Amino acid sequence: MTVQDIRAFNRFYTNVIGALDYSRQLYAPYTLTESRVLYELAHSPRTDAADLRTELSLDAGYLSRILNKFEQDGLIERTTSHRDPRRRRVTLTSRGRETAALLAERADESVGALLATVPSADRPRLSEAMRTVRALLSDGRPPRREDVLLREPGPGDLGWIVARNAALYAAEYGFNADYEALVARIVADFAEDHDPHLERVWIAELDGRPVGCVMCVRDDAPATARLRLLLVEPEARGLGIGDRLVSAVVDFARGVGYRDLVLWTNDVLTAARRVYQRHGFVLAAEKPHRSFGKDLNGQDWRLDLTGTGG
């Protein structure tokens, strides 16, 4: 392979995805770079301007002009960072979140149209080729928090939730098939009948594959949501995925008007319990029980979403 081979491929692919005329491609007044900054603001756990500049390898002046444009359009707010008073924290406004979601939806439609031109039998080969390119050009770099994407479930993801919960809990805690049956019922209930305005599933994706999940569903108690099936694959732990998934549920539940967020877990899940505590959940009750082939201590946790305390 020569330099010219790579440059030729770059020219080919930028034409395929419409990178040179991205605003027309998505019917939006933002360039590819501006859309990428919006994406990072919507998905990155760090939103300081300095972090954005480093992550995207952007010139400071260029990024400043983009952020000025976003501020004039009402998409962002800039405040002093809590971590470092010398830094500027950038957060999306409600209009900014709507814009980022609209761009993401149009990007998905554009890529979906491109993928539709590839025969189904060739798609696994295409996917493997893309993974190979990423692996070879990443120079063995370990995954970073910024590489993790939180997204809605696609075809097959709900089945993945059942399979991975069953396999991981069997391997790590010795749970039997009763647990798989419970997870299958929870997932099937969601798939068959859920309110998309009040209930959601998030999939954490790394390098094109799912590595985590969580659900937010309505509880029987009034104005109460329930967090369910939080899971992070062992090889993806340490990247803050559990915190991001729980944050997504808390923000969503609060945003749609729930007053309380509850969950049930067992005290053997120490790492998950630490995540819940970091987000303000308090232990409401606990009770020994025998389930999934084990003697366990079940725990009910609660988070007051109104900000008036536990």
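Two strands count as paired if DSSP finds at least two bridges between them. In this predicted model, strand β4 (residues 200–206) clears that bar easily enough, pairing with β5 in the antiparallel sense over seven bridges. One of the matched pairs is E205, whose bridge partner in β5 is P210. The two strands make a hairpin with two residues between them, and D207 in the turn has a positive phi of about 55°.

Strand β5 (residues 209–218) also pairs with strand β6 (residues 224–232), again in the antiparallel sense, here over six bridges. R218 has A225 as its bridge partner in β6. This second hairpin leaves five residues between its strands, with A223 in the turn showing a positive phi of about 55°. As for cover, eight of the 10 residues of β5 are buried.

Now for the core. The largest nonpolar core holds 53 residues, and L227, I241, L245, L261 and F281 touch the most other members. Helix α10 (residues 241–255) supplies the largest share, eight residues. Apart from this core lies another, of 22 residues, including A49, L52, I66 and A100.

Two residues of the helix are worth a look. Setting aside neighbours within four places in sequence, I241 is in contact with V148, A204, V211, V232 and A236. V246 sits in helix α10 too. It counts as buried because its relative accessible area is 0%, against a cut-off of under 20%. With the same sequence neighbours left out, V246 is in contact with L227, L230, V275, Y276, H279 and F281. From V246 to A272 the C-alpha distance is 9.8 Å, across 26 residues of sequence.

Definitions and conventions. Residues are numbered from 1 along each chain as its sequence is written. This is a predicted model: local features need pLDDT of at least 70, side-chain atom pairs count only at pLDDT 80 or more; totals for chains, interfaces and linings use all residues. Side-chain values use heavy atoms; hydrogens and water are left out. A nonpolar core is a set of buried Ala, Val, Leu, Ile, Met, Phe, Trp, Tyr and Cys residues joined through side-chain atoms within 4.5 Å. Buried means under 20% relative accessible area, exposed over 50%, partly exposed in between (1.4 Å probe, protein chains only). Helices (H or I, at least four residues) and strands (E, at least two) are DSSP runs, numbered from the N terminus. Contact means heavy atoms within 4.5 Å.
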